[in-house]
Structures are given as structure tokens and as C-alpha cells.
Amino acid sequence: MSEISASIEETNRIRLSLGLKPLNVSPETSSAQIAEDNMKRHREDEAKKAHEDKVKSRIAKSKNKLELNKTMSGKGLGEASDDDDDGDLYKWTMKSRKKEKERQAAAAAKREKELQELDDAYQAEYDEDQLAGLRVGHDMSDFAEGEERILTLKDSTILENEEEGDELINIQMTEQQRLEKNLENKKKKNRPVYSAYDDDEFTSGKKKNLLSQYDEVLGTEQGNDGFVIGKARKVNRGGAGGLAGSSSDNGGLTAKEIMNQKLKESAIALTYNKTQQAQDYYTKDEAEITFKKSKKKKKSRSRKADNWDEEGDQEGDAMGVEKPEPVDISELNFVDDEDLQASLAKARRLATKKTIKKLTPEQIAKNLAESKAMEVEEDLSERGGLVISDVSEFVSNLASSSAVHATPARPTQATREDSPEPVSTSSPTATEKAQEDTVMEDTKEEEEEVGNFRSRTRAESEEAEDIAMKESNESAQAEPVCEAVLAEEPLVSRGLGSTLALLKQKGAFEMGNAEQAERSKIQSERAKWLADARLREARLAKEMAQAKARDKEKVRDKNYSIRDRDRDREYENQRREQQLLDEREARMKNYQPDIKLEYIDDSGNRLNTKEAFRQLSHAFHGKTSGKMKTEKRMKKLEDEKRLMSMSSTDTPLGMASAFQERQKAAGSAHIVLAVGNRKYVSIC
Amino acid sequence: MIEVICNDRLGKKVRVKCNENDTVGDLKKLVGAQTGTNWEKIVLKKWYTIYKDHITLDDYEIHDGMNIELYYN
């Protein structure tokens with residue numbers, strides 16, 4: 001497919017004909033390009049800014065570090081101080097106190113300076129111009145030239161204040177005025193209202209008002225005319241100067257002032273720091289002020305010659321205090337608090353006294369009795385009674401489990417011991433009688449010992465008797481069971497006989513089984529039949545050979561025609577065949593095949609019918625029993641195997657051998673199994 | 001200047017040079033001139049969007065080298 005395209009010129013021509021603008025072929029100045037440029041510039045700017053920030057932060061960091069280092073310079077807490085005697089407590093204390101004082105002084109100076117500044121600032125602002133327009137509640141003539149008076153704002157209600165504005169008064173002056181007035185009033189009151197003489201007129205120089213005795217109440221307010229500070233400025237000048245109150249106004253200091261200053265300097269402040277903190281360390285002077293030391297204390301002071309003491313001594317020397325003479329160390333006690341020690345000692349003494357008192361004669365008697373009882377107990381344990389030891393515990397545990405099992409063996413043992421003559425099969429009853437007797441005797445003996453276990457032992461003995469009878473019936477020459485208690489197991493390595501014996505012992509191979517007997521019978525019959533068959537075969541072969549020989553002879557005979565010969569041979573063959581068949585029949589007449597179907601699983605175990613069926617079934621259906629069932633079966637097999645491998649002569653824990661060892665150790669033919677003081681049984 | 005390829009998939013494929021600020025109508029006129037068809041019969045499409053005559057290529061975001069479907073009515 002061809003693409004239709006036009007060149008720029010052609011397109012432009014077409015555009016011209018269509019009335020469109022020509023193509024703009026100039027390099028790209030599109031908005032996209034501009035945007036890109038902008039973006040680029042913006043990015044650059046940002047990068048630059050980031051870089052600058054980084055640099056700035058780095059500078060700041062380094063500056064900070066420098067500052068930190070500056071603060072960190074100098075000696076740290078852990079480092080040694082610049083003084084060489086840094087171990088000296090006294091000097092250190094002194095130094096630290098000095099520092100503290102300096103610090104406090106510096107702080108005080110600073111505060112003072114601040115206050116001063118504040119004052120100055122205030123003063124600079126607050127001069128007499130500020131007071132212009134304020135009313136003073138006193139007469140101008142009340143203020144003396146050069147006198148310093150402190151004026152305060154007068155107490156007034158809000159209404160009054162609104163009406164009159166603020167008013168300045170001097171408390172002392174008002175007080176004085178009031179006092180004067182009171183005195184006058186009193187005088188007036190004391191005086192009768194009317195006096196014959198108009199003395200008042202002359203004395204006070206004032207014309208009396210009408211009913212002037214009542215004027216005094218009003219008079220208090222009448223008296224103070226007051227003046228306004230700003231208004232009477234010129235007149236007030238002297239007073240205002242007094243108000244400003246600077247001694248520099250007066251020029252040089254007067255003698256009185258100098259005296260005043262001197263007195264001030266020598267003044268003793270009666271204030272003292274009530275909340276004085278207890279300090280960790282007192283210098284000797286301080287210590288003397290704060291503590292009253294007893295004479296003894298001085299004596300018992302530690303001889304440790306530390307610098308504090310030396311200094312103190314030196315000071316003491318300087319002050320004329322006698323030096324403490326050397327004291328015998330043995331006399332010294334290194335105890336700080338005498339009183340405490342004394343009280344402790346007292347307490348100790350009291351405690352000991354108490355314990356001693358407690359031990360009354362009764363107590364002693366009791367103690368004695370106790371000790372005696374202890375001795376008695378020890379004696380008892382030595383004499384016999386109940387002694388619990390490892391062996392006794394072991395034996396007592398054994399007794400409960402073996403009491404029943406062990407008894408059957410005993411009577412037979414008794415028979416062996418008591419009647420050593422061999423027991424004959426011909427007279428079983430007699431031997432039984434004898435046995436019974438011996439058993440009875442034995443049990444009687446036992447009864448004498450045991451006492452309270454008569455019935456039980458009797459029953460046991462009877463039981464044992466029965467068993468013994470059975471055994472004797474089964475086999476007259478049966479070995480005594482006692483020997484089997486711990487007989488040696490026959491070794492398999494010795495031979496087939498011993499192996500058989502072992503198997504028999506373990507019960508893996510039973511003799512005299514009915515099935516086995518049957519089988520053996522069948523086998524013997526088969527063997528017989530086989531022998532018969534072989535014999536017959538041999539006879540037959542012989543006969544055949546004879547017949548052949550006869551034939552050969554006949555062949556040699558000339559008279560013997562071919563036809564005859566054929567006929568004869570045929571006959572002969574027939575006969576022989578018949579004979580063979582007869583023979584076969586006869587042979588099979590009493591043929592009993594020995595067939596035993598045996599199924600054996602993968603691990604070589606013989607299977608019984610059920611198991612064999614299961615195996616076949618599994619093979620047929622192509623599935624086996626589940627995990628649990630399989631495990632169960634395996635466990636069963638394992639158990640059987642273990643049972644087989646177990647020793648048949650002893651218990652798993654080797655009890656019989658333990659008994660034997662015990663017997664050997666005890667040197668006796670029996671073991672006494674006892675629980676507590678009751679003897680259960682004794683076995684060989 | 002951009003180049004736009006218009007294809008009707010019937011045998012005509014036109015490469016048209018135009019300005020970005022040309023309208024779709026202008027483009028149609030150019031296509032018509034190059035292929036020899038009446039521009040009023042031309043329909044330019046992209047999927048189901050039919051481009052309208054009075055709107056510029058820039059507004060439709062038609063850039064250099066783009067393919068536009070060419071139909072006729």
C-alpha cells in the first residue's frame with residue numbers, strides 16, 4: 001500500500017489555495033518545549049537551593065560543635081582539679097564555699113544593678129512635672145523649708161474621688177493634726193461651756209463663734225485648705241524641692257549627716273538568717289559554734305591525722321588551746337556516738353538477763369527429760385524393734401508381690417529336703433501322704449514363728465500340695481521346681497539339643513501336642529509309604545529286566561516266528577501296562593499326602609488362618625489396613641519377640657538372682673520377707 | 001509542523017503535514033486535496049470519537065506521527 005504524501009512546498013501550495021496559513025517550519029518553540037525548559041530551570045534552581053541549604057546547615061552544625069566544645073573545655077567532673085591537693089577535704093570545702101559566696105555576691109550585685117536601673121528609669125521618668133495638678137491636703141505653711149515629707153494618696157470613696165480628684169496627704173501630719181484637735185476637744189470638754197471670762201478671745205486670739213463648742217466636729221474638715229502643686233508652682237518651689245528630697249540640693253554634707261553616716265556604718269544588723277541550712281562540712285570554728293562537745297569526745301577522737309585536724313591543731317596552737325597529748329590506743333574506742341553506744345549496750349544487757357531468767361529449774365528439768373528420751377530412743381533403735389533401712393524397704397516391697405508366687409515352691413523343696421528318697425510312680429498316694437506330713441510339719445514350724453498367719457499358710461500349703469501332686473503324676477522324675485528358680489539357660493551355641501531345650505524352656509516349642517503327634521504320625525506313614533513305593537519300583541524294574549531278558553532269549557529262538565513274536569510282544573505290553581496300572585492303584589491305596597498350608601508374611605512370621613486370610617484379602621483388594629491397625633499388629637509382634645528374648649529363668653528385674661545374692665550374703669538357706677514385724681514367707 | 005497519517009484501511013494512506021493550531025476542518029481539506037476527495041465527505045475518527053471540524057488538532061492532542069482513522073460518508 002503506497003502512502004500518499006506531499007512535500008512541504010506542495011503542502012504550502014495546497015494550503016495557499018485553500019486559504020490557510022503556511023506551515024511554520026521553524027525549529028520547535030512549542031509550549032511543550034517551553035514547559036520543559038521551565039521545568040529544567042526550576043529543577044536547577046531547586047538543586048541550587050538544596051545545595052545552599054546543605055552548606056548552611058553544615059556551617060551551622062560546625063559552629064554549634066565549636067560552641068559545644070568551648071563549653072566542654074576545661075576540667076570535667078571526673079578529671080583532677082588544677083589544684084594539687086584535690087584530696088584535701090578542708091581545702092575543697094573552703095574553695096567551694098568561696099565560690100558559692102562569690103556566686104551569691106555576683107547574683108546580689110546583679111540584682112542590685114537591675115533594681116538600680118529600674119529606679120533610674122523610673123526616676124528619669126518621674127519628676128516634679130509629673131506631680132502637676134495634684135492637690136495636697138495640707139496648708140502650704142505646714143511644710144517647713146528643707147523638710148522632707150512623704151505624701152501619700154488620701155483614702156477616699158469613689159464618689160469623693162470623682163468629685164475632688166486625688167489628694168495627697170502626709171499621714172504623720174494628719175495624725176498630728178488629729179491629735180492636736182483631740183487634745184483641744186478634751187480641753188474644751190473639760191471646761192464648762194460658759195466661763196465667766198472671755199479668756200479664749202485673748203489666749204487664742206480668735207473671736208469665738210456662736211455655740212463654738214460644737215464646732216470641732218466640723219472643724220476637722222474646715223482646717224485643711226490645701227493647695228494644688230502645679231498651680232502655685234512658683235510659691236511652691238521650695239516645698240517641691242523638699243518633696244524631691246535630695247540632699248545634693250543642700251550642697252555639702254552637714255556635720256550631723258556625717259555623724260549619721262558613721263553610725264550607720266558601725267551599725268549591727270539584728271536580723272539573722274533563720275532558715276540556715278545544715279551543712280555537710282563544718283570548719284573547726286563552725287563546729288565549735290554549733291556543737292557542744294563533751295570532754296570524753298575529745299579524748300576518744302580518732303587519731304587519724306587528716307589535714308583538717310592538723311589545721312585545727314595549728315589554729316588551736318595559734319589560739320592557745322592545749323595540744324592533745326598522745327593517748328594509749330588500747331583505751332581508745334572507735335565509736336562516734338557515745339550515747340547511742342551506751343543505750344545499745346544497756347539493751348543488750350537487758351536481753352541477756354531475760355534469757356538467763358527464762359531458764360527456770362523447771363526448764364532445766366524439761367531439758368534433761370528430753371535429752372533422756374533421746375537417749376532411750378537411741379537405745380531402742382540399737383536393740384531392735386522397727387528399723388527402717390534401704391534393705392528393709394526393698395524387702396518389704398518384694399514381700400507383697402512375691403508372697404503368693406513364692407509359696408508353691410516351698411513344699412516341694414520341703415519334700416526334697418525332708419524325704420530325699422526318690423518318689424516312685426508306683427505308689428503315688430504314699431508319697432503324697434509323706435509330703436503332706438512334711439508340709440504340715442513345716443507349716444507348723446512356721447506357725448510357731450509367724451503365729452498370726454496360720455490360716456493363710458495352711459491354705460497355701462494345701463494349694464501347694466495339690467500342685468505337687470499333679471507334678472508327680474505327670475512325671476515321676478520331674479526335677480524339683482526349686483532348681484528352675486534360677487537355672488542356667490542352655491546355650492544355643494552348644495548344639496541342637498541345647499537349642500531345643502532352650503526353646504522348650506521358653507515355651508516357643510511345645511512337645512506332646514496333639515496336632516504335632518498327628519503330624520508326626522502322618523509323616524511316619526508317608527515315610528513308610530515312600531519306602532514301600534521305592535521297594536515296589538525296584539521290584540518292578542527287576543521284573544521288567546527279567547522280561548526283557550526273556551524276550552531276547554525268545555528272539556534268539558529260531559522257531560519263534562515273527563508273527564508269534566509280534567503277538568507275544570503285544571500281549572506282553574498289554575500285560576505290563578495292566579500290571580503298571582494295578583501297581584499304581586495299589587500304591588495310591590493308602591496314600592496320604594502330607595499337606596500343610598503355611599502362610600508367611602514379608603518379615604517371615606508364620607501366619608494363622610485369620611492373618612493369612614487378611615493378607616490374601618489385602619492382596620486381592622489392593623489395599624491394606626490403616627496406620628493404627630498396622631502399628632498395633634507390629635507392636636504385638638514386637639512384644640512377642642521381646643517375650644521370646646527375655647530370660648526365662650528370672651524376672652526382668654533379676655529378683656531371683658537378687659534373692660540368691662542376699663542368701664549368699666546372709667549365709668543362710670532362706671530369706672525372711674517381712675513387712676513391719678510380721679514375717680510373711682520364707683523361700684529358699 | 002507536525003505530520004499526521006490518515007488511513008482508511010481500504011487502500012488510502014495519507015501522510016499530511018499541518019500546523020498544530022490547524023482545525024480538524026483544515027486537516028480534512030488538506031487530506032481531500034491530497035487524495036482527491038471532497039473534504040466534506042471525510043470523517044476523521046479515533047476509535048469512537050469523531051473529530052469535529054472547528055476544533056484544533058492541539059485541543060484534540062493530535063501530535064506528530066499519530067494515526068487517524070479515515071472514513072467517508
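Two strands count as paired if DSSP finds at least two bridges between them. With that in hand, the place to start in this predicted model is a strand pairing that crosses from one chain to the other. Strand 1 of chain A, residues 3-5, runs parallel to strand 2 of chain B, and three bridges hold the pair on record. One of the residues involved is A:S5, whose bridge partner in strand 2 of chain B is B:R15.

That pairing belongs to a wider sheet. Six strands line up in the order 1(A)-2(B)-1(B)-5(B)-3(B)-4(B), giving an open sheet with mixed pairing. Strand 1 of chain A and strand 4 of chain B (49-50) sit at the edges with a single partner strand each, so each has one side with no neighbour in the sheet. Further in, strand 1 (residues 2-7) and strand 5 (residues 67-72) of chain B also go together in the parallel sense, again with a count of three bridges. Here B:C6 faces B:I68 of strand 5.

Now for chain B as a whole. Its secondary structure amounts to one helix and five strands, and walking along the sequence gives β-β-α-β-β-β. Of the 73 residues in chain B, 36% are buried. Contacts in this chain also reach a fair way along the sequence: taking those between residues at least 6 apart, 54% link residues at least 24 apart.

The lone helix of chain B has plenty to do with the sheet. Helix 1 of chain B lies across strands 1, 2, 3 (42-46) and 5 of chain B as well as strand 1 of chain A, and it makes an angle of about 130° with strand 2 of chain B.

What does the contact between the two chains draw on? It takes 14 residues from chain A and 14 residues from chain B. On the chain B side, strand 2 (13-18) and helix 1 (24-35) each put in at least two residues. Helix 1 of chain B gives the largest share of that side, at six residues. Sorted by class, the chain B side comes to six charged, four polar and four nonpolar residues.Helix against helix is the other part of this story. Helix 1 of chain A (residues 8-18) packs on helix 1 of chain B at an angle of about 115°, and their axes are 10 Å apart. The crossing of these two helices is right-handed. From the chain A helix come A:T11, A:I14 and A:L18, which meet B:K29, B:L30 and B:A33 of the chain B helix. By class, this helix-helix contact has four nonpolar residues, one polar and one charged.

Elsewhere, chain A has a sheet of its own. Four of its strands form an open sheet in the order 3-4-2-5, with mixed pairing. The edge positions go to strand 3 (152-153) and strand 5 (227-228), each with a single partner strand, so one side of each has no neighbour in the sheet. Within this sheet, strand 2 (residues 135-136) and strand 4 (residues 167-169) of chain A pair in the parallel sense over two bridges, with A:R135 matched to A:E167 in strand 4.

Finally, there is helix 22 of chain A, covering residues 562-589. Its 28 residues reach 40 Å from the first C-alpha to the last, close to the 40 Å expected at 1.5 Å a residue. Helix 22 is also hardly covered, with zero buried residues among the 28.

How values were computed:
Residues are numbered from 1 along each chain as its sequence is written. Chains are lettered from A and ligands numbered from 1 in the order in which they are written. This is a predicted model: local features need pLDDT of at least 70, side-chain atom pairs count only at pLDDT 80 or more; totals for chains, interfaces and linings use all residues. Two residues are in contact if their C-beta atoms, placed from the backbone, lie within 7 Å. Ala, Val, Leu, Ile, Met, Phe, Trp, Tyr, Cys and Pro count as nonpolar, Asp, Glu, Lys and Arg as charged, and the others, Gly among them, as polar. A residue is buried if 20 or more other C-beta atoms lie within 10 Å of its own, exposed if 12 or fewer, and partly exposed in between; C-beta atoms are placed from the backbone. Axes are lines fitted to C-alpha atoms, for helices over the stretch in contact, and angles run from 0 to 180 degrees between N-to-C directions. A crossing is left-handed if the near helix is turned anticlockwise from the far one by less than a right angle, and right-handed if clockwise. The expected span of a helix is 1.5 Å times one less than its number of residues.
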